[in-house]
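Subject: A structure for you to explore

Hi there,

Here is the structure I promised to pass on to you. Please open it next to this email and follow along as you read.

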Amino acid sequence: MQEAFQRDGVRGFLHRAARPNGDGIALTHGAGSNCNAPLLVKLAEAFSDAGLTVLRYDLPFRQLRPSGPPLPAAAARDQEGIGQAVVALSEFATGRTFAGGHSYGGRQTAMAAAGRPPLAAALLLLSYPLHPPQKPQQKRTSYFPQLQTPALFVHGTADPFGTPEELREAIAQIPARTDLLLVEGAGHDLKRAAGLSGEIRERLLALV
């Protein structure tokens with residue numbers, strides 16, 4: 001069952017499982033999208049069917065602007081919003097709470113977790129934007145050595161924001177337990193990952 005959700009600065013949709021198992025996951029979107037991104041909707045429905053309570057939500061920058069990318073100065077506020085979303089979800093999920101997002105949303109979720117552990121039991125990072133396309137020297141990994149939260153990276157083999165080899169090398173800097181699920185032929189939109197929801201869920205739970 002899905003219902004609109006707005007409370008304490010958090011806006012999105014809450015998916016209640018017909019047979020909840022106590023666990024929950026907060027999912028957010030990339031820089032050019034919102035919480036209605038097809039990938040997030042499909043994953044939320046699949047996770048809910050499996051017993052998780054799911055909150056898919058808009059980051060603060062998207063609540064302020066209906067379109068367009070986030071401004072660099074918005075990152076700190078977006079990380080605060082991620083923390084607020086996890087707290088809001090914890091009211092409905094009595095067990096473990098997970099957090100994740102696509103691209104920018106996943107990156108900000110990981111940064112929030114590195115700055116305020118334990119934000120979540122584990123992270124789901126979809127299409128982590130390791131570096132801008134064609135700029136492999138501009139790695140977005142400076143905080144990886146401080147990340148103490150287990151993380152599952154789901155990444156397309158054709159993603160221009162980082163090759164599987166580059167991502168494996170970067171993930172090795174993270175002291176927490178990690179896993180990498182590659183989606184063959186998928187680009188940054190990761191559309192093909194929607195059909196792997198069962199494996200994604202199992203590998204995320206295996207981290208904890």
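Below is what I found in it, going from the sheet to the helices and then to the aromatic rings.

Please keep in mind that this is a predicted model.

**The sheet**

A good place to begin is the open sheet of eight strands, in the order E1-E2-E4-E3-E5-E6-E7-E8 and with mixed pairing. Which strands stand at the edges? They are E1 (2-7) and E8 (178-183); each has a single partner strand, so one side of each is left without a neighbour in the sheet. If you look along the sheet, you can follow its twist, which averages 20° from one strand to the next.

Strand E7 (residues 151-156) deserves a closer look. Strand E6 (residues 123-126) runs parallel to E7, and four bridges join the two. Within this pairing, Leu124 stands opposite Leu152, and Leu126 stands opposite Val154. E7 also pairs with E8, again in the parallel sense, over six bridges. There, Phe153 has Leu180 of E8 as its bridge partner.

How many of the six residues of E7 are buried? The count is six of six, so E7 is mostly covered. You can check this on both faces: Ala151, Phe153 and His155 are buried on one side, and Leu152, Val154 and Gly156 are buried on the other.

**The helices**

Two helices are worth finding next. Helix H3 lies across E1, E2, E3, E4 (53-58) and E5 (97-102), and runs at about 150° to E4. Helix H4 packs on the sheet as well, where it touches E3, E4, E5 and E6; its direction makes about 140° with that of E5.

H3 (residues 75-90) and H4 (residues 104-115) also pack against each other, with axes 9 Å apart and an angle of about 75°. The two helices are therefore roughly perpendicular to each other. On the H3 side, the contact is made by Ala75, Asp78, Gln79 and Ile82; on the H4 side, by Tyr104, Gly105, Gln108, Thr109, Met111 and Ala112. Sorted by type, the residues of this contact are five nonpolar, four polar and one charged.

**The aromatic rings**

Searching the whole structure gives six aromatic pairs. One of them is Phe61 with Tyr104: the ring centres are 5.7 Å apart and the planes stand at 85°, so this pair is edge-to-face. Phe61 belongs to helix H2 (residues 60-64) and Tyr104 to H4, so the pair ties together parts that are 43 residues apart in sequence. Are these two residues buried or exposed? Phe61 has a relative accessibility of 5% and counts as buried, and Tyr104, at 12%, counts as buried too.

Phe144 and Phe153 form another edge-to-face pair, with 6.3 Å from centre to centre and 65° between the planes. Phe144 is buried, with a relative accessible area of 0%, and Phe153 is buried at 1%. Both belong to one aromatic cluster, together with Tyr128 and Tyr143.

**A residue on the outside**

For contrast, try finding Pro20, in the loop between strand E2 (10-15) and strand E3 (24-28). Pro20 counts as exposed because its relative accessibility is 54%, and the cut-off for exposed is over 50%. The C-alpha atoms of Pro20 and Glu199 are separated by 19 Å, and these residues lie 179 residues apart along the chain.

Enjoy exploring!

Best wishes

Methods: Residues numbered from 1 in each chain as written. Predicted model: local features only at pLDDT ≥ 70, side-chain atom pairs only at ≥ 80, totals over all residues. Heavy atoms only, no water. Buried < 20%, exposed > 50% of the residue type's maximum accessible area, 1.4 Å probe, protein only. Axes fitted to C-alpha atoms, helices over the stretch in contact; angles between N-to-C directions. Parallel < 35°, antiparallel > 145°, perpendicular 65-115°, else oblique. Contact = heavy atoms within 4.5 Å. Nonpolar A, V, L, I, M, F, W, Y, C, P; charged D, E, K, R; others polar. Phe/Tyr/Trp six-rings, centres within 6.5 Å; stacked < 30°, edge-to-face > 60°. Pairing = 2+ DSSP bridges.
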